[in-house]
Amino acid sequence: MTQRIKPEELRSYRWYGVKDMRSFGHRSRTAQMGYHKSDYAGKPVIAIINTWSDINPCHTHFKQRVEEVKRGVWQAGGFPVEMPAISLSEPFQKPTTMLYRNLLAMETEELLRSYPADGCVLMGGCDKTTPALIMGAVSMNIPSIFVPAGPMLRGDFRGNFLGSGSDTWKYWAELRAGNITEADWQDIEDGIARSPGHCMTMGTASTMTSAAEVLGLTLPGAASIPAPDSRHAQMATLTGKRIVDMVWEDLKPLDFLCTDSFDNAIRAVLALGGSTNSLVHLIAMAKRAGIVLSIDRFDELARSTPVLANLRPSGKYLMEDFYYAGGLRGLLSNIKDLLNLNLNTVNGKTLGENLESAKVYNTDVIRDRGTALLQKDGLAVLRGNLAPDGAIIKPAAMEARLLKHTGPAVVFKDYNDLNARIDLEELDITEDSVIVLQSAGPQGAPGMPEWGQLPIPQKLLKQGVRDMVRISDARMSGTSYGACVLHVTPESHVGGPLALVKDGDLISLDVAARSINLLISDGELEKRRASWSPSVPKFNRGYGALYLKHIQQADKGCDFDFLEPEGIQEIQKIQDDPEIH
């Protein structure tokens with residue numbers, strides 16, 4: 001039998017249980033809100049961190065789901081307290097939600113620290129909300145469980161299924177090429193997003209909620225349920241029930257998160273054909289747990305992990321199909337030999353126990369090893385004189401002819417320059433050119449927006465070109481595709497080699513060799529570096545100024561340096577020391 005703590009050991013007891021004037025204020029103000037002492041006395045107080053807002057379409061249903069979470073908490077003998085937090089709405093927030101991920105992480109941590117929370121339910125799903133909520137909860141380390149928003153239903157265009165993001169880019173290219181009409185484009189706009197929930201492709205949202213499940217932070221099977229499905233509401237209530245027991249059991253994130261947990265999550269991301277954004281987020285999440293995770297670990301595991309999920313943008317299907325085919329548990333059952341199955345999860349069982357009844361019901365959606373989309377290399381980490389600290393590419397989502405390519409650079413100094421010139425007829429560019437975007441990284445943009453799927457010039461689209469090598473220090477949406485080299489580190493804004501590229505320079509990409517190089521001499525590179533000067537900061541006040549002062553580079557997870565656990569920097573220095581290796 002699991003050992004249970006006593007009511008006087010609850011964290012909230014300090015607010016409600018003692019006999020002094022301050023507790024009198026807490027109790028009397030709780031009565032002011034209409035609650036009787038019997039509603040909360042001696043019961044776990046459960047903070048429900050809700051990222052609902054009127055401008056976040058991915059979380060539209062959270063207004064209802066939070067009531068279902070509360071129902072579960074009440075039924076299990078807890079006291080639910082809803083705490084709204086900043087809602088990071090991927091479609092609307094500019095310049096990028098990534099700029100505010102750490103703000104939500106800070107808010108989550110401080111809400112849990114400053115209020116009488118014995119445990120928490122984290123409600124998120126839209127891209128950055130998942131890592132942000134988990135980062136904050138792990139730093140606070142009280143009993144925590146995550147409710148994933150779930151994917152929306154499949155889009156529809158005249159009888160064809162549409163995938164958010166992926167089909168936006170696809171049909172936008174066809175519109176610019178003149179292959180579809182404005183009326184077609186309007187029909188796509190009307191049908192591509194037709195229910196609550198986050199992107200239903202294997203974008204960043206489903207990648208990160210799946211990673212959260214594999215880390216053990218959700219109920220088993222939670223990440224795959226479509227948002228409008230009644231089973232999603234049931235999951236919310238069951239989550240509310242479970243968090244109360246977690247408090248009595250004193251089961252906290254750091255009791256089960258470990259290096260192997262993150263290896264499991266990486267394996268799952270790779271098998272899913274998941275988002276390149278997962279590197280930045282999982283590295284940051286691991287560091288909050290006191291674990292130094294290197295981008296090289298992703299590459300190491302990618303060399304032996306097959307891509308089994310036939311999901312857009314790498315494959316054919318959508319998340320609704322994936323759920324019906326067996327969901328994440330079904331996919332994990334096909335890579336059991338690659339996972340540590342002995343790790344505990346929030347439901348008190350091991351990952352292996354949670355997979356015992358898992359099955360695959362459609363072997364075209366969830367492949368086995370023999371029919372894998374790729375036998376390895378769902379993601380690849382590149383290095384070279386253009387990216388000394390690394391860059392990332394998604395081989396499964398690019399044209400195979402570009403896996404090894406050398407071409408002349410066409411350089412855009414920033415995103416405005418790109419937008420102004422990319423479709424000019426006089427632009428000197430061919431399908432063999434390499435498009436380079438500078439000033440799009442954590443400092444340069446700022447916020448490292450999802451600009452990395454750089455547009456192909458209209459004149460080349462009309463010639464039938466649909467993929468080119470494109471390089472930037474930006475990220476790209478997990479729903480995006482193409483031969484896009486991303487997260488070039490150090491970024492150009494801080495003087496990384498990307499800042500020194502000029503039009504006509506030859507750039508060589510070799511995915512198999514994991515290399516990305518600027519084909520100029522070391523002497524020429526140093527000459528250019530000597531004449532480079534830093535740009536003016538984009539912010540001089542407020543959160544933006546704080547961000548620019550403390551943000552780390554992509555290979556370090558883009559967290560703030562002051563939010564890392566004590567001692568993690570020393571571990572990082574040791575691991576980064578070339579003499580040790």
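Strand E3, which covers residues 119-124, is largely enclosed by the rest of the structure, because six of its six residues are buried. This briefing concerns a predicted model, and it starts from E3, moves outward to the strands and helices around it, and ends with some backbone features in loops. E3 pairs in the parallel sense with strand E4 (residues 144-148), and strand E1 (residues 45-50) also runs parallel to E3.

**Strand E3 and its partners**

- Gly-119, Val-121 and Met-123 point one way from E3, while Cys-120, Leu-122 and Gly-124 point the other way, and the residues of both sets are all buried.
- E1 is joined to E3 by five bridges, and within this pairing Asn-50 stands opposite Met-123 of E3.
- The parallel pairing of E3 with E4 likewise rests on five bridges, and here Gly-124 has Pro-148 in E4 as its bridge partner.
- E3 and E4 are also linked through helix H6 (residues 129-140), since the three elements make up a β-α-β unit that is right-handed.

**Helix H6 and the helices it packs against**

- H6 packs with helix H12 (residues 277-288) at an angle of about 10°, and the axes of the two helices are 8 Å apart. An angle of that size makes H6 roughly parallel to H12, given that angles under 35 degrees count as roughly parallel.
- On the H6 side, the residues that meet H12 are Pro-131, Ile-134, Met-135, Gly-136, Val-138 and Ser-139, and on the H12 side they are His-281, Ala-284, Met-285 and Arg-288. Sorted by class, the residues of this contact of H6 with H12 comprise six nonpolar, three polar and one charged.
- H6 also packs with helix H9 (residues 204-214), in this case at an angle of about 35° and with the axes 8 Å apart. Thr-130, Pro-131 and Ile-134 of H6 make this contact together with Met-208, Thr-209 and Ala-212 of H9, and by class the contact of H6 with H9 has four nonpolar, two polar and no charged residues.
- Pro-131 and Ile-134 of H6 therefore appear in the contact with H12 as well as in the contact with H9.

**Positive phi values in loops**

- Most residues other than glycine have a negative phi, and most peptide bonds are trans, which gives a background for the residues below.
- Asn-141, which lies in the loop between H6 and E4, has a positive phi of about 55° although it is not a glycine. With a relative accessibility of 18%, Asn-141 counts as buried, because the cut-off for that class is under 20%.
- Arg-514, in the loop between strand E13 (506-510) and strand E14 (515-518), is a residue other than glycine whose phi is positive, at a value near 60°. Its relative accessibility is 8%, so Arg-514 counts as buried.

**Cis peptide bonds**

- The peptide bond that leads from Lys-94 to Pro-95 is cis, with omega near 0°, and Pro-95 is found in the loop between strand E2 (79-84) and helix H5 (101-114).
- A cis peptide bond also leads from Ala-445 to Pro-446, where omega is near -5°, and Pro-446 is found in the loop between strand E10 (434-437) and helix H18 (458-461).

Notes: Residues are numbered from 1 along each chain as its sequence is written. This is a predicted model: local features need pLDDT of at least 70, side-chain atom pairs count only at pLDDT 80 or more; totals for chains, interfaces and linings use all residues. Side-chain values use heavy atoms; hydrogens and water are left out. Buried means under 20% relative accessible area, exposed over 50%, partly exposed in between (1.4 Å probe, protein chains only). Helices (H or I, at least four residues) and strands (E, at least two) are DSSP runs, numbered from the N terminus. Two strands pair if DSSP finds at least two bridges between them. A crossover is right-handed if, with the strands pointing away from the viewer, the path from the first strand over the helix to the second runs clockwise. Axes are lines fitted to C-alpha atoms, for helices over the stretch in contact, and angles run from 0 to 180 degrees between N-to-C directions. Angles under 35 degrees count as roughly parallel, over 145 as roughly antiparallel, 65 to 115 as roughly perpendicular and the rest as oblique. Contact means heavy atoms within 4.5 Å. Ala, Val, Leu, Ile, Met, Phe, Trp, Tyr, Cys and Pro count as nonpolar, Asp, Glu, Lys and Arg as charged, and the others, Gly among them, as polar.
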